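Welcome to a short set of worked exercises. Take a look at the sequence and the model first, then try each task before reading its solution.

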Amino acid sequence: MSEGKISLIGVVPPPDEKENKLGPAKIDPSLARMQTVDYSCPICFEIMVNPIKTPCGHVFCLSCMKKMSKRPKYFKCPTCTKDLKSFKPMRNKVDKDLSKHYADINIRRVAAGLETPDCTLSVYDLPNLSSMEALRILARHQLENGLRPLRNIVVRKVKSTMISRFKLQAFVEKRTTFWKKGSISSVKKSDQKAATTAAAAAANSSSSSSADAVWSLSLSPPSFFKESSVEVSIIGTEQAALLQKEGGGEGEASENDGKNQHIGLRADFTINETTRLIFGDTNVDIPEEKVKEFEAGLKESNTISWNWHVLPPGDYRKDATKGILDKSLESAIHAIFDDNISLAKRDNQRILARRQAIRFYRVSDVSCEYGRRREPFMFTVLQIYSPNDDPGNKGGGSSSAAKTVMWYQDYPVEAACCSIS
């Protein structure tokens, strides 16, 4: 078979593309024709975030409408100038369907290099837990669990360290060719058109390989970061008969069925997720099982969600760790990306888009003394901070933790000072 003919039945390895050479046309050519103005807020001219509809039917960002509503006298629709004094922009009025639609458009444009990232990854530099805050956490724990407070308690030492939970998701595509029953004339017209286009690409002598011909077809997922599959017919009965005659490998059609079969292409869109705990200072004893138990509670109660940061194509090492000064955290993130790339290559997948999120935990060992005899007592505090709840707060010191838990080995139960009367 001549070079450039599609000759694979089964998984088709993607072309060997360098990470920094992925251009918009190779991800989704239709994105190049998208006009940002079609999806942008008329007030801030950015892709809408939390879109909200006014009574007159126009759509704006929730944050933009909130800013405008602070001046009720001049609160009018920027599009039709209708009076909006009685309209209260609130989060429960956000159009969820529109929000998902705009978010998907933004992800596609960022992944294609047509839009700047929707946010930057904020990093907390959590300070040491203060003695006063440690005592407040202990007092709240005693009250919630029916424990009598310890008398004359004094904090002697507090050691804190930070843990990072980094999560990376790669939206990947895997292509497979297979035999489909029926002649090409029996499939719908859109598939016939795709088959003609792909057959022409396959027959093009300038195509470097059969794999390139298969990947030359532009197939777009219905939505990014949502698992789905797309199928099309790519070669008519004549090409199928030729393939069967010259040998198509495993799954080839029989001589009698050549005229009643054609080749189909299936693109499977899935998510490869890599998540890892990254530990900081080892001076604090950090039981990983406690962290996992804590995270399971967060997931069950929906206490805090992941704030995703979509990465543009190009130098992922630079973009993924922008703003991160901690070298150990930076190296760990690079290793996670390398593992994620290896996983995609091993499974013959092409990465279409990436997004990352990070959570920060502060773990503190608190040493205390209580009572007249200065009996020792130690407890551990685990707190979670969401870096994007307040993007302007880089230090994290003035921001309260989203959730706090504490534990200890043995709580004192001496009747004289600690038992419940």
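**Exercise 1. Cysteines**

Is C56 buried, partly exposed or exposed? Then decide what the cysteine distances say about disulfides.

*Solution.* Before starting, note that this is a predicted model, in which local features need pLDDT of at least 70, side-chain atom pairs count only at pLDDT 80 or more, and totals for chains, interfaces and linings use all residues. Residues are numbered from 1 along each chain as its sequence is written, and side-chain values use heavy atoms, with hydrogens and water left out.

Step 1. Recall the classes: buried means under 20% relative accessible area, exposed over 50%, and partly exposed in between, with a 1.4 Å probe and protein chains only. C56 has 24% relative accessibility, so C56 counts as partly exposed.

Step 2. Compare with C41, which counts as buried because its relative accessibility is 0%.

Step 3. Look at the sulfur atoms. A disulfide is a pair of cysteine sulfur atoms within 2.5 Å. For C56 the closest cysteine sulfur belongs to C77 and lies 3.6 Å away, which is too far for a bond. For C41 the closest one is in C64, at 3.9 Å, again too far for a bond.

Step 4. Widen the search to the whole structure: zero disulfides are found.

**Exercise 2. The whole protein**

Describe the protein by its elements, its burial and its contacts.

*Solution.* Step 1. Count the elements: the protein has 10 helices and 10 strands. These are DSSP runs numbered from the N terminus, with helices being H or I of at least four residues and strands E of at least two.

Step 2. Turn to burial. Of the 421 residues, 45% are buried.

Step 3. Turn to contacts, where contact means heavy atoms within 4.5 Å. Among contacts with a separation of 6 or more, 76% join residues 24 or more positions apart.

**Exercise 3. Helix α4**

Check the span of helix α4 and find which of its residues are buried.

*Solution.* Step 1. The expected span of a helix is 1.5 Å times one less than its number of residues. Helix α4 (residues 131–144) has 14 residues and should span 20 Å; its end C-alpha atoms are 20 Å apart, which agrees.

Step 2. List the buried residues of α4: A134, I137, L138, H141 and Q142. Seen down the helix axis, the buried residues of α4 fall within an arc of 135°, so they line one face of the helix. The arc is that of the directions from the helix axis to the C-beta atoms. In general, an α-helix has 3.6 residues a turn, so residues three or four places apart point the same way.

Step 3. Now turn to the other side: the face of α4 away from its buried side carries the exposed residues M132, R136, L143 and E144.

Step 4. Ask what covers the buried residues of α4. The cover includes β8 (350–370), β9 (375–385) and β10 (403–408).

Step 5. Just after α4, G146 takes a positive phi of about 65°.

**Exercise 4. Helix α10 and F166**

Find what the buried residues of α10 pack against, and which residues F166 touches.

*Solution.* Step 1. Helix α10 (residues 327–346) has 20 residues and reaches 29 Å from its first C-alpha to its last, close to the 28 Å expected.

Step 2. Its buried residues include I333, I336 and F337. The buried residues of α10 pack against β4, β6 (261–279), β7 (309–311), α9 (316–320) and β8.

Step 3. F166 is in strand β4, and counts as buried because its relative accessibility is 0%. Leaving aside residues up to four places away in sequence, F166 touches several residues, among them T274, I333, I336, F337 and Q356.

Step 4. The C-alpha atoms of F166 and L277 are separated by 6.5 Å, although these residues are 111 residues apart along the chain.

**Exercise 5. Aromatic pairs**

How many aromatic pairs are there, and how are the rings of F171 and F225 arranged?

*Solution.* Step 1. Rings of Phe, Tyr and Trp (its six-membered ring) pair if their centres lie within 6.5 Å; planes under 30 degrees apart count as stacked, over 60 as edge-to-face and the rest as tilted. By this rule there are nine aromatic pairs.

Step 2. The rings of F171 and F225 have centres 5.5 Å apart and planes at 40°, so the pair is tilted. This pair links distant parts of the chain, 54 residues apart: F171 is in strand β4 (residues 154–181), and F225 is in the loop between α6 (210–215) and β5 (228–235).

Step 3. Ring pairs link F171, F224, F225 and F269 into a cluster.
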